[in-house]
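Reader: Could you take me on a close look at one part of this model, the helix that packs on a small sheet, and then show me what lies around it? I would love one connected account rather than a list.

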Amino acid sequence: MEEFDYIVIGAGTAGSVIANRLSEDPGARVLVLEAGGNWIPAAVDTAPLWFTLLGSPIDWGYQSVPQPGLGGRVTYEPRGKAPGGTSNLYIMMHVRGHPSDFDNWAYQGAAGWSYQDLLPYFTKLEAQEDPSGPGTGTGGPQTVTNARDHGPNPMSRTFIDACAELGYPKVDDFNGPSMIGAGWHHLDVKDGTRQGALVSYLEPALGRPNLTLRTDAQVMRLVFEGDRCVGVQYQQGDGGAAVRPDGEGRAVPADDVVEPGMRTLRAAREVILCAGAIESPRLLQLSGIGDADRLREFGIPLVAQVPGVGENFHNHVLAGLIAETVDPVEQGRQNLSESALFTTSQPGMVAPDLQIAFVHVPFDIIVGQQHPNAVSILPGVVRPQSRGWVRLASADPFAAPLVNPNYLADRSDLERLVAAVKLSREIFAAPSFRSVLRGELMPGPDVTTDADLERFVRERADSYHHQVGSCRMGIDDLAVVDPLLRVRGVTGVRVVDASVLPSVPSGNCHTAITAVAERAADLIKRT
């Protein structure tokens, strides 16, 4: 039976970081198993084309269960399925999050995960071209640019000016001393090319002889001897996902000598689960780690009673406004979303709970087909109170799990999203926009009252694609991993991905997940 020191499950953002950092030790044998194929479509590298990847072959394409808070609608929950994972799909904003996000993790029992604990890792990962403070990183693997300095769309500046006209301060750097206000995004983009985890972490490490990547390799369960995880069982495909001749792109170097079929591997040191906030809890449950009663329903033998597995799942939630422009909108050269406003839903809050994103294209495909010259504001609640879950649909390891983000279940999320829509309308009505817009296309002039707006957000609110929390770290009974990210009740396995975040950061999540993985790599090396 093949043996490696470390088996990393998932080659997404966290898995790419872990693979890179653990394989820095030439004596460590590291294997990464990725369910997706090794073909990377050209649109992954072309920053303005991110929206074409949603629903593509490199997207798991999950759907939620019907959402009561959205009138019973089912939401689309994209997650990446290829080397690089969801960092191939995200919109490339470089936002750390507010310091209080991480301090709250530590206050609630995740010792070692405060902002000051993570700050060295934010600095370590960044290669920012415009150092904006003493904590800015300039020598890391993650290229970071300022949207302002690379030919931004003129409408992006108009958005910032409109926010200033409403009295909001201008912010030089959302990762600086103050996050609240309007400003330019820093981006994981260089010369119009995506700088995700694939090019920043995974590909630079694949030349090391002690790092192996196997694609088209779906893990079915963790293998235990008693309460110790000693390996994994996975299905190796026939390579059919490895090359896609129907489009341009590139192949990531991967181990192509493995025969297809069911395989079992041993881990001499640890298995590190980096499959994300949907797949990681699913795999733990398939392996007998979770709530005993739910596992019994599917005939899965209990390995460890950890009732929090799959619970605390949550996500940012957003709606969208679209306004038609007087003149054609310039074609985007960066990520289509170059400026934003972070603010609070009520006075006295110390950190933003609303993110008002500007997108210089119509975000709705149907509206965009009829009105191609349009721009959008996407108001979102970035400190949601609603919590859901991820649970097994069956014991079939190839069956998609049941996914319940539980959007707008808490009344405060609904009220704050309505308030954010109202604020977005005020921005579109500000003097800077007044001369360049024809009128509102969505929600539209017929939506006027609070009841109308509440109905609109229930009908249109959707995933912000920032799913977290389903294997929460902490010290209480519902925590799934301890502050060293070790799964409770067993040994030999850790979880390192968005699922361990106790609460979602108040901003786009890629940067925080990268920093968490950087710190996790050091923890693994030390233990």
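Author: Happily; what follows starts with that helix and its sheet and then moves on to other strands, annotated sites and a helix pair.

First, a word on the ground rules: this is a predicted model, in which local features need pLDDT of at least 70 and side-chain atom pairs count only at pLDDT 80 or more, while totals for chains, interfaces and linings use all residues. Residues are numbered from 1 along each chain as its sequence is written, and side-chain values use heavy atoms, with hydrogens and water left out.

The helix is H7, residues 276-286. Helices (H or I, at least four residues) and strands (E, at least two) are DSSP runs, numbered from the N terminus. Since 11 of the 11 residues of H7 are buried, it is largely enclosed by the rest of the structure. Buried here means under 20% relative accessible area, with exposed over 50% and partly exposed in between (1.4 Å probe, protein chains only). The buried set includes charged side chains such as Glu 279 and Arg 282; for such classes, Ala, Val, Leu, Ile, Met, Phe, Trp, Tyr, Cys and Pro count as nonpolar, Asp, Glu, Lys and Arg as charged, and the others, Gly among them, as polar. Just after H7, Gly 288 takes a positive phi of about 90°.

Ala 277 of H7 is a good residue to zoom in on. Its relative accessibility is 4%, so Ala 277 counts as buried. Leaving aside neighbours within four places in sequence, Ala 277 is in contact (heavy atoms within 4.5 Å) with Phe 313, Val 390, Gln 467, Val 468, Ser 470, Ala 498 and Ser 499. By contrast in sequence terms, Glu 24 is 253 residues apart from Ala 277 along the chain, and their C-alpha atoms are separated by 27 Å.

Now to the sheet. It is an open sheet of 3 strands in the order E20-E26-E27, with antiparallel pairing; two strands pair if DSSP finds at least two bridges between them. Strands E20 (311-313) and E27 (402-404) stand at the edges with a single partner strand each, so one side of each has no neighbour in the sheet. On average, neighbouring strands of this sheet are turned by 40° against each other, direction ignored. Strand E26 (residues 388-391) is joined to E27 by 3 bridges, and Trp 389 stands opposite Asn 404 in E27. H7 packs on this sheet, touching E20, E26 and E27, and its direction makes about 50° with that of E26. For such values, axes are lines fitted to C-alpha atoms, for helices over the stretch in contact, and angles run from 0 to 180 degrees between N-to-C directions.

Another strand worth your time is E24 (residues 354-359), where 6 of 6 residues are buried. Leu 354, Ile 356 and Phe 358 point one way from E24, while Gln 355, Ala 357 and Val 359 point the other way. E24 pairs in the antiparallel sense with strand E23 (residues 339-343) over 5 bridges, and with strand E25 (residues 374-381) over 6 bridges. In the pairing with E23, Leu 341 has Ile 356 as its bridge partner; Phe 358 stands opposite Ile 377 in E25.

Two residues of E24, Gln 355 and Ala 357, are among those touched by Tyr 464, as are Asn 315, His 316 and Leu 378. Tyr 464 is found in the loop between strands E29 (462-463) and E30 (493-495), and its 9% relative accessibility makes it buried. UniProt, in an unreviewed entry, places a "binding site" at Tyr 464; its positions are given in the numbering used here, feature names are shortened, and annotations may be inferred rather than shown by experiment.

The UniProt record also places a "binding site" at Thr 86 and Val 219. Thr 86 is in the loop between strand E5 (76-77) and helix H3 (99-107), whereas Val 219 lies in strand E14 (residues 217-225). Val 219 counts as buried at 7% relative accessibility, and its contacts include Ile 9, Leu 33 and, back in our helix, Leu 283.

Finally, helices H4 (residues 115-125) and H13 (residues 510-526) pack at about 105°, with axes 9 Å apart. They are therefore roughly perpendicular to each other (65 to 115 degrees; under 35 is roughly parallel, over 145 roughly antiparallel and the rest oblique). Their contact has 7 nonpolar, 2 polar and 5 charged residues.
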